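Visitor: I'm new to reading protein models, and I'd love to look closely at one small part of this one. Could you walk me through it slowly, along with its surroundings?

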Amino acid sequence: MAEPINVHYSASGKSFTAVAINTAAKAGEWIKSKLGAYTSLNQKTSPGDLVTEIDKGSEKLIKNLIMTHFPEHSFLGEEGVEPGPLASAQALENVKDADYLWIVDPIDGTTNFVHGFPFFSVSIALAFKGEVIVGVVYDPSRDELFVAEKGKGAYLRGKPIHVSPEPVLAESLFATGFPIDPVTALPTNMRGLTAVLPKVRNIRNGGSAALHLAYVAAGRLSGFWEINLNAWDLAAGSLLVQEAGGKVTDTAGQPYHLGVRNVAATNGHVHQEFIDVLKEADAVGL
Ligand code: IPD
Ligand code: CA
Ligand code: CA
């Protein structure tokens with residue numbers, strides 16, 4: 001795919017990707033060292049929407065490192081934004097046209113982190129004029145760091161990764177997430193679950209959207225969808241999937257952009273079949 005005009009992957013000799021990788025690795029190691037050792041647990045909007053001092057500490061560490069290297073860049077991190085979808089959408093709106101914008105989820109999978117369930121990640125993306133050009137997702141539990149650069153492929157441990165080859169839903173393994181909003185998003189997701197489950201091999205919910213996307217990129221999942229996510233859940237993982245040869249759209253099949261909240265990411269082969277199932281079940285959520 002052609003690179004956007006005037007996009008750079010480094011400044012003053014410092015590679016954006018190298019900084020993203022180093023930062024994700026440092027934050028991830030720190031988070032792992034704090035597993036089971038958080039001291040402050042707070043609810044944001046509900047008992048299913050949690051934050052610890054480790055989420056905040058991780059974001060501070062990430063922001064400090066990135067801003068030290070690139071002080072002129074913009075930064076959007078989950079813990080710097082008020083809880084709830086409206087505040088998230090507004091925060092994105094305020095910065096989305098910045099030349100260089102770092103989009104960060106300091107712990108994706110806080111519920112897992114709190115319960116000691118080893119499936120959580122650090123997600124760091126860099127967008128240039130609204131288009132993601134670098135995406136890194138790090139899973140400290142397995143020491144797996146997934147990296148993508150726009151137009152240059154997706155990698156795990158230095159080796160290229162590719163989406164899975166399943167040609168039809170019947171041979172597919174999918175993942176989803178259960179949204180916390182019980183009024184709109186959860187019922188929509190449950191309609192989707194009921195419709196999709198009989199059509200696929202099975203469905204998982206690991207509890208980290210960013211890591212689910214990395215797993216689609218690595219060919220470990222055929223697809224992933226979820227209703228009502230935020231830019232920081234999706235930015236890095238969406239580039240991983242695309243660079244690994246997959247397809248990322250909203251749940252209606254429209255192209256991915258930073259404002260997408262209802263996401264569908266697949267190996268590409270099963271994408272249309274999957275979107276059709278969601279549409280037929282009134283589970284698109286748009
Ligand atoms: C959550 C995780 C989870 C998804 C939720 C997200 P957080 O992010 O990605 O898998 O189901 O919708 O909010 O709050 O742990 O950063
Ligand atoms: Ca998240
Ligand atoms: Ca988070």
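Where does Asn 228 lie, and between which strand and which helix?

Guide: Happy to! Keep in mind that this is a predicted model. Asn 228 sits in a loop, with strand S14 (223–226) before it and helix H7 (231–243) after it. Look at its backbone angle too: phi of Asn 228 is near 70°, a positive value, although this residue is not a glycine. Lys 129 also has a positive phi without being a glycine, at about 50°. You will find Lys 129 in another loop, the one linking strand S7 (121–128) to strand S8 (131–139).

Now step back along the chain from Asn 228 to Glu 226, at the end of strand S14 (223–226). Glu 226 leads us to ligand 1, as it is among the closest of the 13 residues that surround this molecule, together with Asp 108, Gly 109, Thr 110 and Gly 207. Strand S6 (residues 100–108) supplies the largest share of that shell, three residues. Sorted by class, the shell has five charged, five polar and three nonpolar residues.

Where in the fold is this ligand? Its shell takes residues from both domain 1 (10–160) and domain 2 (169–280), so ligand 1 lies between the two domains. The space that ligand 1 takes up is the largest pocket.

Let's finish with some individual contacts, each made to an oxygen atom of ligand 1. One is 3.0 Å from a backbone N or O atom of Gly 207. For Ser 208, a polar backbone atom is 3.1 Å from a ligand oxygen. With Glu 78 the side chain takes part instead: one of its N or O atoms is 3.3 Å from an oxygen of the ligand. As for how covered the molecule is, ligand 1 taken alone exposes 370 Å², and the protein buries 80% of that.

Terms used: Residues are numbered from 1 along each chain as its sequence is written. Chains are lettered from A and ligands numbered from 1 in the order in which they are written. Side-chain values use heavy atoms; hydrogens and water are left out. A residue is near a molecule or strand if one of its heavy atoms lies within 4 Å of it. A polar contact is a pair of N or O atoms within 3.5 Å; within protein, one must be able to donate a hydrogen and the other to accept it, and residues adjacent in sequence count only if both atoms are side-chain atoms. Accessible areas come from the Shrake-Rupley method with a 1.4 Å probe; for residues, only the protein chains shown count as cover. On a 1 Å grid over the protein atoms alone, a cavity is a set of points where a 1.4 Å probe fits but cannot get out, and a pocket is an open set with protein on both sides within 12 Å along at least five of seven lines; lining residues have an atom within 4 Å of a point. A molecule sits in a cavity or pocket if more than half of its atoms lie within 2 Å of its grid points. Helices (H or I, at least four residues) and strands (E, at least two) are DSSP runs, numbered from the N terminus. Ala, Val, Leu, Ile, Met, Phe, Trp, Tyr, Cys and Pro count as nonpolar, Asp, Glu, Lys and Arg as charged, and the others, Gly among them, as polar. Domain bounds come from an automatic or database domain assignment.
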